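Thanks for coming. I will go through one model, sheets and then a few single residues. Here it is.

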Amino acid sequence: MEQSTVIFGIRAIIEAIESGSTLEKVYLQKGLRGDLFFQLDKLLKKGKISTSVVPVEKLNRLSKHNNHQGAVAKISPVEFANLEEIIEDTLSSNKTPLFLVLDQLSDVRNFGAIIRTAECTGVDAIIIQKSGSAPVNSETIKTSAGAAFKLPICKVDHIKDAIFQLQAADIKLVAATEKTEDSLYDIDLNQPVAIIMGSEHKGVSNSILKMVDYKGKLPLLGEIESLNVSVACGAFLYETIRQRM
């Protein structure tokens, strides 16, 4: 299974960013200073790249004791797709668009399981936020059974950015939430839709719920108050498929 590539050294990381490589995360040694570091720091903030300040021992382990200069980065094993291009390509095809939006989902195993189900149900693309979302790393890919290499994944600065683009393309937004009396099974999914799944702990954020066209929930007949997000996502996607068959 393909793993994340590790690069080390401030200049090497700067060059990776400027060349368009997708960085999964950058680890920095506390107390870094100097012109080169400030150049890197500016690029990290501009690109909203996830960073973490760590002890030098962790950097030594990550770089296998090579000269890391206080900075180590992991490059994502997959290339992320451009959302605008994916929307245009999907609209020009003969199929009914189906997108999946993940609002701050953070667990890599859930993410991998969702990618696998999404690929199996013909989802056109998964949309995630640059910051606060589970990374696409080797564990995500393993859990997805390799589906992460087959299904376009788009990163946006904020989920609202994606929503505006989807709405502009006349794609309806369907939020999976318990904060509604409406059942999933009463929503017309046989039209261009984007299903929005929320985080493991908070669900779809209130600000996003105010923007959607439909809210739907699944029936819960036991004593547990909620389903695992990857299971709930599967139920939403397969109900979409059922209506479209």
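Start with one residue: does D170 count as buried or exposed, and at what relative accessibility? D170 counts as exposed, at 53% relative accessibility. The classes are buried for under 20% relative accessible area, exposed for over 50% and partly exposed in between, with a 1.4 Å probe and protein chains only. The areas come from the Shrake-Rupley method with a 1.4 Å probe, and for residues only the protein chains shown count as cover.

Some conditions before going on. This is a predicted model, in which local features need pLDDT of at least 70 and side-chain atom pairs count only at pLDDT 80 or more, while totals for chains, interfaces and linings use all residues. Residues are numbered from 1 along each chain as its sequence is written, and side-chain values use heavy atoms, with hydrogens and water left out.

Back to D170. D170 is found in the loop between helix 7 and strand 8. Helices (H or I, at least four residues) and strands (E, at least two) are DSSP runs, numbered from the N terminus. The phi of D170 is positive, about 60°, although D170 is not a glycine. Q69 is another case: phi is near 60°, a positive value in a residue other than glycine. Q69 lies in the loop between helix 3 (56-62) and strand 4, and Q69 is partly exposed, with a relative accessible area of 40%.

Now the sheets. Strands of a sheet pair through backbone hydrogen bonds, either parallel or antiparallel. Here, two strands pair if DSSP finds at least two bridges between them.

One sheet is open and has 6 strands in the order 7-6-5-9-8-10, with parallel pairing. Strand 7 (153-156) and strand 10 (214-216) are at the edges with a single partner strand each, so one side of each has no neighbour in the sheet. Neighbouring strands of this sheet are turned by 25° against each other on average, direction ignored. For angles, axes are lines fitted to C-alpha atoms, for helices over the stretch in contact, and values run from 0 to 180 degrees between N-to-C directions.

Helix 7 (residues 159-168) packs on this sheet and touches strand 5 (98-102), strand 6 (125-129), strand 7, strand 8 and strand 9. The direction of helix 7 makes about 145° with that of strand 6. Contact means heavy atoms within 4.5 Å.

Which way do the residues of strand 9 point? V193, I195 and M197 point one way, A194 and I196 the other way, and all are buried. With 5 of its 5 residues buried, strand 9 is therefore largely enclosed by the rest of the structure. Strand 9 (residues 193-197) runs parallel to strand 8 (residues 172-176), joined by 4 bridges. In that pair, K172 stands opposite V193, and the bridge partner of V174 is I195. Strand 5 also pairs with strand 9 in the parallel sense, over 5 bridges, and there L100 has I195 as its bridge partner.

The second sheet to look at is open as well, with 4 strands in the order 1-4-2-3 and mixed pairing. Its edge strands are strand 1 (5-8) and strand 3 (51-54), each pairing on one side only. The twist averages 20° from one strand to the next. Strand 2 (residues 23-29) and strand 4 (residues 71-75) are antiparallel, over 5 bridges, and K25 has K74 in strand 4 as its bridge partner. Helix 2 (residues 35-46) lies across strand 2, strand 3 and strand 4, at about 145° to strand 2.

In strand 1 there is I7, which counts as buried at 18% relative accessibility. Leaving out residues up to four places away in sequence, I7 touches A12, I13, A16, V72, A73 and I75. I7 and S63 are 56 residues apart in sequence, and 7.5 Å apart in space, C-alpha to C-alpha.

E18 is in helix 1 (residues 10-18) and is exposed, with a relative accessible area of 54%. With the same neighbours in sequence left out, up to four places away, E18 touches Q39 and L43. The C-alpha atoms of E18 and D186 are separated by 48 Å, with these positions 168 residues apart along the chain counted as their separation.

That is what I have on the two sheets.
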